[in-house]
Amino acid sequence: MSNTTPQARPVIQALSEGQLPVNTKLVTCSETPFLVRVVFPGDCYGRLDCLVHDKEDALVEFYDASIEDTPRGYFVSRYYLETLIGAAEPTDRVRIEGLLLDTGDHRWSLDGRALREALAFALLCAYRRQSQLLGKALAKLDSIHP
């Protein structure tokens with residue numbers, strides 16, 4: 001039996017077919033639907049997408065998709081991808097149960113399964129993005145004649 005949820009399967013399938021989705025939806029054990037978005041360097045983000053991400057590490061944004069405040073939903077939280085990876089690493093005495101995104105609403109938390117899905121999506125997007133950039137760089141290198 002697979003642990004992949006119906007919400008995650010299309011994302012993984014799309015990535016395996018070479019398509020790079022902008023975001024994905026996941027549902028937590030509290031039934032809260034979240035939209036997860038990965039923001040890469042050079043991408044717009046923030047309120048009305050008025051900021052440009054200028055750091056090296058990708059950002060992972062979480063929106064409450066049940067609140068139709070914007071096309072993405074209601075913004076809840078944003079983390080650097082590296083921070084989420086570090087937060088998901090269990091220690092000898094602690095097993096990661098999830099992540100509290102915001103204390104303003106008890107539904108704004110990810111259970112362990114949803115956190116793993118969000119990280120898997122973000123890492124697959126990052127891997128795919130790096131592969132595309134590497135492919136472009138190699139193509140440029142091939143076009144240079146000695």
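**View 1. Surroundings of the buried residue Glu61.** At a relative accessibility of 0%, Glu61 counts as buried in this structure, which is a predicted model. The residue belongs to strand 5, the run of residues 59–64. Two polar contacts of the Glu61 side chain can be followed in this view: one reaches the side chain of Tyr63 at 2.9 Å, and another reaches the side chain of Arg78 at 2.8 Å. Once neighbours within four places in sequence are set aside, the residues in contact with Glu61 are Leu35, Val36, Arg37, Val39, Tyr45, Gly46, Phe75, Ser77 and Arg78. Two members of that list, Arg37 and Arg78, return in the following view.

**View 2. A salt-bridge network that includes Glu61.** Salt bridges link Arg37, Glu61 and Arg78 into a network. Side chains of opposite charge can pair when their charged atoms come close. Within this group, the side chains of Glu61 and Arg78 also make the polar contact of 2.8 Å, and Glu61 itself is buried, with 0% relative accessibility. By the rule applied here, the count of salt bridges comes to seven, and further pairs are shown in the views below.

**View 3. The salt bridge between Asp43 and Arg129.** The side chains of these two residues, Asp43 and Arg129, meet at an N to O distance of 4.0 Å. Because Asp43 lies in the loop between strand 2 (33–39) and strand 3 (44–45), whereas Arg129 lies in helix 3, the pair ties together parts that are 86 residues apart in sequence. Both ends of the bridge are partly exposed, Asp43 with a relative accessibility of 22% and Arg129 with a relative accessible area of 21%.

**View 4. Arg113 and Glu117 within helix 3.** Here the salt bridge joins side chains in a single helix, with Arg113 and Glu117 four residues apart, or about one turn, and with an N to O distance of 2.7 Å. The two partners fall in separate exposure classes, since Arg113 is partly exposed at 28% relative accessible area, while Glu117 is buried at 14%.

**View 5. Cys44 and the salt bridge of Asp54 with Lys55.** Cys44 is placed in strand 3 and is partly exposed, its relative accessible area being 34%. Leaving out residues up to four places away in sequence, Cys44 touches Arg37, Val39, Asp49, Leu51 and Val52; Arg37 is also part of the network with Glu61 and Arg78. Between the C-alpha atoms of Cys44 and Asp54, which are ten residues apart along the chain, the separation is 9.5 Å. The side chain of Asp54 meets that of Lys55 in a salt bridge with an N to O distance of 3.9 Å. Asp54 is exposed, with a relative accessible area of 63%, and Lys55 is partly exposed, with 44%.

**View 6. A nonpolar surface patch that includes Leu134.** Leu134, Leu138, Leu141 and Ile144 form this patch on the surface, and together they present about 410 Å² of accessible area. Leu134 is located in helix 3, which spans residues 112–143, and with a relative accessible area of 51% it is exposed.

Methods
Residues numbered from 1 in each chain as written. Predicted model: local features only at pLDDT ≥ 70, side-chain atom pairs only at ≥ 80, totals over all residues. Heavy atoms only, no water. Patch = residues over 30% accessible without salt bridge, like charges linked within 9 Å, V, L, I, M, F, W, Y side chains within 5 Å. Areas by Shrake-Rupley, 256 points an atom, 1.4 Å probe, with all protein chains shown as cover. Helix = DSSP H or I, 4+ residues; strand = E, 2+ residues; numbered from the N terminus. Buried < 20%, exposed > 50% of the residue type's maximum accessible area, 1.4 Å probe, protein only. Polar contact = N/O pair within 3.5 Å; in protein donor to acceptor, adjacent residues only side chain to side chain. Contact = heavy atoms within 4.5 Å.
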